[in-house]
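Subject: Handing over the structure, with notes

Dear colleague,

I am passing this structure on to you, together with some notes that may help while you find your way around. Please keep the sequence and the 3D view open as you read.

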Amino acid sequence: MANLRFLRGYNDAVVLGLARRGEPMTRVELAERSGLTPQAVSKIVSRLIADGLLVDSGRRNVGVGKPRTLVRLVSSSRVALGAAVERDELRVVLADLSGAVVDRTVVALPRDFGPEVFVEELAKLVDVLLARNEVSDERLLGVGIGFVGPLDHRDGVVHDATGLVGWHDVPLRDLAAERLGLSVVVDKDTNTAMIAEAWRRGDELRHAALVIVGTGVGVGLLLDGQVHRGARTNAGEYGHTTIQLGGPRCACGRSGCVEIVHNLALAADDLKGAVTVLGMAVAGLVQLLDLDHVVLGGRVVQSAPDVYADGIREVVREQVPRSDWLEVDISVSPLGDDLVAAGAAMLVLSEFYSQRGP
Ligand SMILES: [Zn+2]
């Protein structure tokens with residue numbers, strides 16, 4: 001759980017959530033949009049101003065009567081940290097209350113790093129960011145970690161991180177929380193990446209897949225506006241769907257998986273072939289789930305963003321029979337290397353904003 005002690009109940013969270021959507025608003029507008037009474041909103045706004053979360057921000061004339069005071073979110077009033085591992089590298093970002101990444105730091109991880117080494121390196125980077133940005137305890141909401149699955153998001157236990165040695169049933173959330181003395185939340189890297197995009201694009205994104213292509217291929221899903229984690233919070237292992245019967249043996253033990261077929265094509269310098277494999281996989285996802293957005297990210301995509309985006313668009317156009325009302329928007333996330341870590345920070349922020357009162 002993120003540190004929620006700053007908000008006094010659900011209604012405060014609703015008002016703050018409206019304020020984060022952008023433009024300064026009057027108390028009357030906040031009341032209309034929240035469905036709360038103007039008296040209740042007035043009280044909540046006073047409280048949030050006293051806590052430094054909102055601030056008066058000029059006045060607006062509304063015809064007859066006194067001009068109304070506007071309030072806006074103080075983005076810097078609270079921050080969250082987000083961590084991510086990519087192969088041999090640990091990245092930690094600091095995000096403000098609007099979700100903007102304001103600072104970041106990266107360190108190389110030793111080969112076959114275990115949980116203790118990971119947590120120590122994490123603690124060092126957290127200290128660096130907190131010191132550099134002069135973040136006091138009261139301003140820090142918590143730390144999110146986007147990690148390699150399979151893992152259980154609910155109890156923060158990494159079960160068998162694919163490709164990492166010594167990561168079997170590791171209580172990462174509790175280990176990190178104890179070492180850092182902060183509240184920590186753990187989720188699959190593909191889910192935090194999806195959260196980052198969902199946060200950035202708001203209501204526009206409701207039926208989407210986020211495809212990360214790095215060492216492996218993973219998918220985060222947003223269904224009806226909610227991150228879809230599945231029964232054991234491990235949804236999205238789409239890289240290990242068979243795409244070639246009798247195909248090459250994959251690290252997961254099966255053969256012909258999307259991931260191994262894609263990676264072998266890349267290793268053979270067949271970029272077009274690799275992109276086509278992903279395009280076929282994406283076409284399957286789009287049809288299965290009736291998606292209207294597909295977002296691409298990860299190191300490999302970033303090394304050739306246009307080739308991946310254009311190539312996948314082309315395959316989807318060929319493979320998915322559709323008319324103009326079945327448009328699928330395929331794009332590359334602009335968050336770049338920060339994608340997974342930024343989403344991990346936003347996971348903490350989301351818990352802060354969606355707090356449920358007693
Ligand atoms: Zn596989």
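The notes below take up the sheets, the cavities, a pair of helices and some backbone details.

This is a predicted model, in which local features need pLDDT of at least 70 and side-chain atom pairs count only at pLDDT 80 or more, while totals for chains, interfaces and linings use all residues. Residues are numbered from 1 along each chain as its sequence is written, and side-chain values use heavy atoms, with hydrogens and water left out.

Some terms first. Helices (H or I, at least four residues) and strands (E, at least two) are DSSP runs numbered from the N terminus, and two strands pair if DSSP finds at least two bridges between them.

Sheets and strand pairs

One open sheet is built from 3 strands in the order β8-β9-β10, with antiparallel pairing. Its edge strands are β8 (151-152) and β10 (168-170), each of which pairs on one side only. Between β8 and β9 (residues 157-160) there are 2 bridges in the antiparallel sense, and Leu151 has Val158 in β9 as its bridge partner. On the other side, β9 is joined to β10 by 2 bridges, again with the strands running antiparallel, and here Asp160 stands opposite His168 in β10.

A second open sheet has 5 strands in the order β14-β13-β12-β15-β16, and its pairing is mixed. The edge strands of this sheet, each pairing on one side only, are β14 (226-227) and β16 (329-332). Within it, β12 (residues 208-213) runs antiparallel to β13 and is joined to it by 6 bridges, with Ala208 standing opposite Leu222 in β13.

Strand β3 has pairings of its own to look at. It pairs in the antiparallel sense with β1 (residues 25-26) over 2 bridges and, also in the antiparallel sense, with β2 (residues 54-60) over 5 bridges. Val71 in β3 takes part in both pairings, since Met25 stands opposite Val71 and Val71 is the bridge partner of Asp56.

Cavities

How many cavities of 30 Å³ or more does a search of the whole structure find? The search finds 2. A cavity here is a set of points, on a 1 Å grid over the protein atoms alone, where a 1.4 Å probe fits but cannot get out, and lining residues have an atom within 4 Å of a point. Grid points are joined across faces, edges and corners, and a volume is the space filled by probe spheres set on the points.

The largest cavity has a volume of about 40 Å³, and its lining consists of Ala19, Gly22, Glu23, Pro24, Met25, Leu30, Val71, Arg72 and Leu73. Strand β3 (residues 68-73) gives the largest share of this lining, 3 residues. By class, the lining has 6 nonpolar, 1 polar and 2 charged residues, where Ala, Val, Leu, Ile, Met, Phe, Trp, Tyr, Cys and Pro count as nonpolar, Asp, Glu, Lys and Arg as charged, and the others, Gly among them, as polar. Met25 and Val71, both in this lining, are the residues that stand opposite each other in the pairing described above.

The second largest cavity has a volume of about 30 Å³ and is lined by Val211, Val217, Val219, Tyr238, Val258, Leu278, Ala281, Val282 and Leu285. Both β13 (217-223) and α8 (271-289) supply at least two residues of this lining, and the largest share, 4 residues, comes from α8. The lining divides into 9 nonpolar, no polar and no charged residues.

A helix pair

The axes of α6 (residues 189-201) and α11 (residues 339-353) come within 7 Å and cross at roughly 70°; axes are lines fitted to C-alpha atoms, for helices over the stretch in contact, and angles run from 0 to 180 degrees between N-to-C directions. The two helices are therefore roughly perpendicular to each other, a term that covers angles of 65 to 115 degrees.

Backbone details

Gly149 and Pro150 are joined by a cis peptide bond, with omega about 0°, and Pro150 lies in the loop between β7 (140-147) and β8. In the hairpin of β8 and β9, which has 4 residues between the strands, Gly156 takes a positive phi near 70°. Asp269, a residue other than glycine, also has a positive phi, near 65°, and its place is in the loop between α7 (258-267) and α8.

With best wishes

Methods:
1 Å grid on protein atoms, 1.4 Å probe; cavity = no way out; pocket = protein on both sides within 12 Å on 5 of 7 lines; lining within 4 Å. Parallel < 35°, antiparallel > 145°, perpendicular 65-115°, else oblique.
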